[in-house]
Amino acid sequence: MVSPPDASLLLDYTQAKITIVDEEGTITYVNAAAGRILGYEPEELVGTNAFDYVHPEDRERVAAAFADVVADDPDAASFIEYRYRAVDDGWVWLQSRITELDDSEVDGYVVSSHDVTERIEAERERQTTETRLQEIAAKTGDVLWMFSGDWSECLFVNPAYETIYGLPVETLHDDPRSFLDAIHPDDVRGVQAEMRRLSSGEAVDMEYRVNPDHEYRRWAWVQAEPVVVDGDVERIVGFSRDVTERRRREQQLAVMDKLLRHNIRNDMNVVIGEAEHIEAKDESTLSERTRVIRDTAAQLIMTAEKQREIIELLTDPGTPDEVDLSVAVTRVAERIGERYPDAEIDIDVPEQAAAFALPGIETAIAELAENAIVHATGEPATLQLVCRTTAETVVVEALDDCEPIPEYEYRVITGEHEMDDLYHGSGVGLWLVYWLVELSDGDIEFETPESSGNRVRLTFTRVAD
């Protein structure tokens, strides 16, 4: 009959480090795994205190867990993880279970430990990576997002969502499709079509208008990719970037191109045509045709000057700052009155009307005022400039007695109507006004009063008192 093997010999072949300690933590036995895991020979550890090898930052926690087991606390932790000093003074992460021996022949507590260093380091590396990604996501101006493949769950979105889309992040987690509420109603159907493409496994690249708080005047550029696992779309990841400025510049460049190709070309055709008539020596109408050439050339020069102002504005628009629009309106009225002494100019302004606007916003007011005088239908020309404040805004209005501005013309300017090759526009002045207001984060509105003329209303954010 074969005798049973010595239990201590069997313990030497286990992968776990088995240690027996007394109530003070003194090691009375340790198996050969101590060498494989920590580099110590078992006899080096026997007689020493186990807590002396625990990392100083973990020692108190480990001692408390051991004390709970000694006190037979029913809430004692089943497992504890901590760092343990190796023979080379490095640190090994151990996961240990502490139990009291029931065998009366062996007095002490069994500590069964496994090396979990690789797992802990991998978790820490992953956590570090996640923390860095969260920091990047929190700081970037782009919206980083992730949805489930069927758009039923928002898995991740960073705070930039609130800035670009104008809705709280919480609403997106509560209702993943709520971001559709932030999209311009005319663009929603197109976005939904792209969502279906993503759910079917296609990547998309699109742009649409967002943010109801800004009247959907922000443009978002979105690139998104489906994450396919075993043939199924499990997640959809992407980013959204505010490209409002780029879209604005594209529109500005398109307008300038059309103005140059249409307005200036047409004016030059008039000049050339009249010059040809003079060349034909039509003496009876020579004086009149010379006047047309002079006036058209002067208008062309004025157009070129305004275009130059626009180019300078678009190249270096600056940033909105505090401007007293009451002072600006008063100065404009004084200058226009000096240039056109026969005009009837009426102003109504408060003592102060501080608003956020570009420093050059006075140019926009002056442009409206001069147009009102130059294009007036009656004599004398009349102009009313009004400035008023509300709790949150400063409003400037210019009322004239000119021919009403055609609706299609101001709808092109405000972006409600596309500009095409058949549209010329009456000049560059209104575009200069529009961009000065737009770059001041203001609004411009056109109205035709019941009597006659035009009312142009400029609205800006008021500076808090």
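**Notebook: helix α12, cores and cavities**

I began with helix α12, residues 361-374, and found that its 14 residues reach 20 Å from the first C-alpha to the last, which is close to the 20 Å expected at 1.5 Å a residue. I note at once that I am working from a predicted model.

I then asked how covered this helix is, and α12 turned out to be mostly covered, with 11 of its 14 residues buried. The buried residues of α12 include Ile361, Ala364, Ile365, Leu368, Ala369, Ala372 and Ile373, and they also include Glu362, Glu367 and Glu370.

Next I looked up the largest nonpolar core, which has 43 residues, and the members that touch the most other members are Leu325, Ile361, Ile365, Ile444, Leu458 and Phe460. Helices α11 (325-339), α12 and α14 (429-438) each supply at least two residues of this core, as do the strands β13 (354-357), β14 (382-389), β15 (393-400), β16 (443-447) and β17 (455-461). A second, separate core holds 30 residues, and Cys154, Val157, Ala160 and Tyr208 are among them.

I followed one residue of the helix further: leaving aside residues up to four places away in sequence, Ile365 touches Leu325, Ala328, Val329, Val332, Val396 and Leu458.

For the whole protein I recorded 14 helices and 17 strands, and I noted that 40% of the 465 residues count as buried. Of the contacts between residues at least 6 apart in sequence, 56% join residues at least 24 apart.

I turned to internal space and found that the structure holds 4 cavities of 30 Å³ or more. The largest cavity has a volume of about 170 Å³, and it is lined by 15 residues, with Ala50, Phe51, Val62, Tyr82 and Val111 lying nearest its centre.

Which elements supply at least two residues each to the lining of the largest cavity? I listed β1 (17-21), α4 (56-70), β3 (80-85), β4 (91-100) and β5 (109-115), and of the elements β1 gives the most, with 3 residues. By residue class, this lining divides into 10 nonpolar, 4 polar and 1 charged.

The second largest cavity contains about 140 Å³ of space. Its lining is made of 15 residues, and Trp145, Phe147, Tyr165, Phe179 and Tyr208 lie nearest its centre. At least two lining residues come from each of β6 (143-148), α6 (160-165), α8 (185-199) and β8 (204-210), and β6 provides the largest share, 3 residues. I counted the classes here as well, and the lining of the second largest cavity divides into 14 nonpolar, 1 polar and no charged residues.

I chose Phe179 for a closer look, as one of the residues nearest the centre of the second largest cavity. Where does Phe179 lie in the chain? Phe179 is in the loop between α7 (169-174) and α8.

I then asked whether Phe179 is buried or exposed. Phe179 counts as buried because its relative accessibility is 8%, and the cut-off for buried is under 20%.

Not counting residues up to four places away in sequence, Phe179 touches Phe147, Trp151, Tyr161, Leu172, Val191 and Met195; of these, Phe147 is also listed among the residues nearest the centre of the second largest cavity. Finally, I noted that Phe179 and Asn211 are 32 residues apart along the chain and that their C-alpha atoms are separated by 9.7 Å.

Methods
Residues numbered from 1 in each chain as written. Predicted model: local features only at pLDDT ≥ 70, side-chain atom pairs only at ≥ 80, totals over all residues. Heavy atoms only, no water. 1 Å grid on protein atoms, 1.4 Å probe; cavity = no way out; pocket = protein on both sides within 12 Å on 5 of 7 lines; lining within 4 Å. Points joined across faces, edges and corners; volume = space filled by probe spheres on them. Helix = DSSP H or I, 4+ residues; strand = E, 2+ residues; numbered from the N terminus. Nonpolar A, V, L, I, M, F, W, Y, C, P; charged D, E, K, R; others polar. Expected span 1.5 Å × (residues − 1). Buried < 20%, exposed > 50% of the residue type's maximum accessible area, 1.4 Å probe, protein only. Core = buried A, V, L, I, M, F, W, Y, C linked by side-chain atoms within 4.5 Å. Contact = heavy atoms within 4.5 Å.
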